[in-house]
Amino acid sequence: MARTDGPDAPAIAVDGLWQVFGDGARSALSDLLKPGAATTDGVARRLKEQGLIPAVQDASFSVKEGELFVIMGLSGSGKSTLIRCMSRLVEPTSGSVLMAGEDILAASKRRMIELRREKLGMVFQHFGLFPHMSVIDNVAFPIKMKGVGLKERRARAMEVIELVGLGGREDAYPRELSGGQRQRVGIARSLAVNPDVWFLDEPFSALDPLIRRQLQDEFLNIQATLRKSIVFITHDIGEALKLADRIAIMRDGVIVQIGTPSEIVLNPVDDYVREFSRDIPKGRHMTLEALMEPVNGAPDNGGPELRTAMTLDDALSACALTFEPMAVRDGEGKVVGLLRPEALARAVGEAQST
Amino acid sequence: MSGLSPLKSALDSKGKQAAALVVFVGMVCLLAAPYAPWLVAWPSVLTVPMSDWISQGLGAFFETIKPAMRWVSWVLGFGMAAANWLLVSTPWVVVIGVTTAVGWYLGGLKMAALGFLGLLFVLASGYWVESMNTLALVFVSVPLALLLGTAIGILAYEVQRVKKIVEAVLDLMQTIPTFAYLTPLLLLFGFGPVVGLIASAIYAAPPMARNVLLGLERVESDIKEAAVMSGGTRAQQLFLVELPSAMTQIMVGVNQSLMAALSMVIIAAVIGGFNDIGWEVLLTMRKAQFGQSFLAGLVIVVFAIVIDRMSGALAQERRRYSTRVVWWIIVASLVAAVVLDDLLPAADTLSYFGGVADSVDQSVGDFTRVYGSSLDTLKNSAMFYVLLPLRIGLDDAVLPFTWGFQWTAAMSAWVYAIGVVVAALLAWQGRLTLGLCLLVLIGVIETGVTQLPWIFVLVGVGALGWVSSGWRLSVLCVCLLGLIMVSGLWDRALLSLYLSGAAVFTCAVLGGALGLWAAVSTTAWAVIRPVCDMLQTIPLFVFLIPMLMFFQIGEFSAFLAIIAYAIVPMIRYTRHGLVTTPDDMIEAAVSSGATNWQIMREVRAPYAAPTILLGLNQTILYAFAMLVIAALIGTTGLGQSIYIALGRADVGLGITAGAAMAILALVADRLVQGFAEERRNALGL
């Protein structure tokens, strides 16, 4: 693949990624993937017939600069394998992963170490903290790997420890921390080298619901200032909808749908995806953009100010007393559509009755 | 006391304080030694003739119970004679047939072939009768040990209050050297194979007890509760549900028990009076017929492997093989025995490997003739440059005869001065503890382990105990060592300490390196692993043979034998600790951009530290066990005392020397366990 360095080039571009487990997986897959061969489903079936396990099948997507990209799926759907392929903790069977135009699957071992020391950060579900190191030593570990001197790396580690709100606990050991605090250490460590790409593998799944929500909010705050390109794994649709700019939904190793949260909620491609969003209050996640009737430069009737990015719930409370169709504006304030109150009421009602 | 405050702030950790104290005491001893000799050598006025007291006390006691014991001996002798008669008079075709059949049942073709070829080798070696004698001892002692062990295990499981005591006793029994069992038994039961029988029954019971207890404790609570809710009585719960559920673990106990019994039976041959295979090894070794003794040793190893692998298969839950084949093999062997009765030669007339033994003798002879000087050089350099200085110190070991010059007091001063400078440099770099430890090490090498002042040793061990787990351990260690000192066995204990210390140190370095290598390279592990398995199956006794062949009787042979035996746990635990670091930690390190070497040093090694320390602990216990056996080929120290006591039937000396040995092992065990525990806590495990 050619290098595609440009202002609009995605931060990460995954193309045709396969991960097949079993002996002789590589040659079996390359035989099946010859040009003009079967569909993804067909290839997967043939692989299974040979006793191989296709954990990730033909995954392709891209993550924009500064985008928070969530991969969602049930356990066993291949999402953890996928993120491990992207960080090359496991060796993918086929495909390419471009970061800033460089195919990291083709990178040498040495180059990979370099990349991990400079550009990649990763957070793990069970934290992966080193029990024999204090908080600050854990956080400073990736910087130490680079060979940075003690003073400098401690200073940098302190910065990120402050960032995740653990200032004052830097000399504690992991065993002395609560689950939430441990994951803060994990987050701090992954940010220590100030990476461009940030992988998070179910970072909040092992935490209590309250702590989870708190950390999600803080995570969004951190992201608002740092603007990293993020790949975030979760099995919790609520978490995905809350955090994501875009979501990819995985099932049995296949990405079945990629879209913004409201696309996923509004237009699920199949029953599997619909099943996920079933219990989600639509009013809270669906935006007006999906509901309005598009117009170009329609008159403004002076009603309440509606924006395309508003959720249905917010719109409902904004125009509780209006019966007239109202103008909806885009981000710049230009009127782009009309919203009929009865459509709004129906949509919210539908969402609640399903 | 304002002058003390900088000192206090410099010594801000337990380790630094302890090391500083030891250095201080060492310095005082060094300076005061010429004026106060009692600082160095414990005054003989203060020793107590403990051995004599024990001899007298136990002697009287033994006299009263002797008749009862002699009766037990008579009964057991009867059982043994029966087992013996059965094994020896049964045609060898049938014995081989039955072994093959059992092998088939337990592990299919592979195990059957192992049993068949193993026994065929024994038959062809010409040691059939001797082997059957040994086997008869094992056959009688193991059921006794299993019964005893199971009873103890169940008792400890049922009565929680007894459990603690039982565990303490089992721990202690593991540290008492094998020879030490024999002397009191000798007095009670008189000379003869029954002593070996009883000793091996006692020696083989603890592993069984341990595994029964462990197995019962590991039965899932669901299963136990289901048994309760089914309305079983306690006995029904235990015998119908819990014991069967624990069977796999119990079978591990059977395996260990069998191996322990075999090992002890062979060791018990030193008492003599019974024509078994261990005696054969001993006899040929004494006559320097190394070929023959090598062959007999090989027979023991083959036996050990067959018994170990077959009973090991018992402890694995897998399918058993068809009983039809089993019966066919047995019937076929019976038929062969009847039909071919006249054609088959008697077992004791066979000896196909006499030529092999001779040629082994021949080639060893040739080898030592050709390479004798290099072997001697190797031995002498190890002795002169390492072992001897460690034993009696540089000041006495460096002579014109050994090093080519005479050690002088000025040289000592120089060595100490350089040590102080290096230590000061280390302290300046913030590594004060290391510097102080270096000083202690220099002091020990200059003085020699066996000439260390007793105060220095006690303070040193006390300080180690304090650092490793606190005051209680410190006091316990000092008191136990004090006991050895008062009993008058101090000099011998230091001799034992020196030799086992040198061997353990070598094992730690060499075994640690091999373990690291095995952790890094699977190819290396594929080679090292079977060697480790092999070394762990061979009975202690057999290790002496090759060492004797090449290096003759002496301390160096003993040193090598101890290393060969004790290095295995160090290799295994090091590798195990290094490869079992949790995946999420490895992934975190990899994604931090650590290289393989960085992962090894920064993550794997610290995480493995407690496991490696446990390996070191095992290595120490193994070294002490071997130290006593190695007394047969010429070590001084406690092992020799125990051996002498056995020869003279001196029960007092046997018990005090055995106890002293056990104390050394116990102290080392507790110290290392303390450090391992401290590391585990530091890791939050």
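**Entry 1: domains of chain B**

I started with two domains of chain B in this predicted model: the C-alpha centres of domain 2 and domain 3 of chain B lie 25 Å apart. To place them in the sequence, I looked up the domain assignment, which puts domain 2 of chain B at 393-447 and domain 3 of chain B at 450-685. Domain 1 of chain B comes in two segments, 90-125 and 290-358.

**Entry 2: where chain B touches chain A**

Next I turned to the contact between the chains. I found 17 residues from chain B and 20 residues from chain A in it. Which elements of chain B give two or more residues to the side that touches chain A? I noted helix H25 (583-591), helix H26 (596-629) and helix H28 (651-683) of chain B. H25(B) supplies the largest share of that side, with 6 residues. I also sorted the residues on the side of chain B that touches chain A by character: 9 are nonpolar, 6 polar and 2 charged.

**Entry 3: domains of chain A**

Then I moved over to chain A. Its assignment has domain 1 (65-91 + 108-277) and domain 2 (282-353). I read 35 Å between the C-alpha centres of domain 1 of chain A and domain 2 of chain A. How many residues does each of these domains bring to their contact? I have 5 residues from domain 1 of chain A and 5 residues from domain 2 of chain A. On the domain 1 side, helix H10 (residues 261-266) of chain A gives the largest share, 4 residues. That side of domain 1 of chain A divides into 4 nonpolar residues, 1 polar and no charged.

**Entry 4: chain A as a whole**

I stepped back for an overview. Chain A has 14 helices and 14 strands. Its radius of gyration is 23 Å, close to the 20 Å that the globule rule gives for 354 residues, so I can call chain A as compact as a globular protein of that length. The C-alpha trace of chain A spans about 65 × 60 × 40 Å along its principal axes. I looked up burial too, and buried residues make up 42% of the 354 residues in chain A. For contacts in chain A between residues at least 6 apart in sequence, I noted that 67% join residues at least 24 apart.

**Entry 5: strands around E9 of chain A**

I picked strand E9 (residues 246-251) of chain A to follow through its pairings. Strand E3 (residues 68-73) of chain A runs parallel to E9(A), and 5 bridges join the two. Here I found A:Phe69 with A:Arg246 in E9(A) as its bridge partner. E9(A) also pairs with strand E10 (residues 254-259) of chain A, this time in the antiparallel sense, over 5 bridges. In that pairing A:Met250 has A:Ile255 of E10(A) as its bridge partner. E9(A) and E10(A) form a hairpin with 2 residues between them. I checked the turn as well, where A:Asp252 has a positive phi of about 50°.

**Entry 6: a sheet of four strands in chain A**

Last, I traced an open sheet of 4 strands in chain A, in the order E11-E14-E13-E12 and with mixed pairing. Which strands are at its edges? They are strand E11 (293-294) and strand E12 (306-307) of chain A, each pairing on one side only. Strand E13 (residues 326-329) and strand E14 (residues 335-339) of chain A run antiparallel, joined by 4 bridges. I closed with one of the pairs there: A:Ala327 has A:Leu338 in E14(A) as its bridge partner.

Definitions and conventions: Residues are numbered from 1 along each chain as its sequence is written. Chains are lettered from A and ligands numbered from 1 in the order in which they are written. This is a predicted model: local features need pLDDT of at least 70, side-chain atom pairs count only at pLDDT 80 or more; totals for chains, interfaces and linings use all residues. Domain bounds come from an automatic or database domain assignment. Two residues are in contact if their C-beta atoms, placed from the backbone, lie within 7 Å. Ala, Val, Leu, Ile, Met, Phe, Trp, Tyr, Cys and Pro count as nonpolar, Asp, Glu, Lys and Arg as charged, and the others, Gly among them, as polar. The radius of gyration is taken over C-alpha atoms; the globule rule is 2.2 Å times the number of residues to the power 0.38. A residue is buried if 20 or more other C-beta atoms lie within 10 Å of its own, exposed if 12 or fewer, and partly exposed in between; C-beta atoms are placed from the backbone. Two strands pair if DSSP finds at least two bridges between them.
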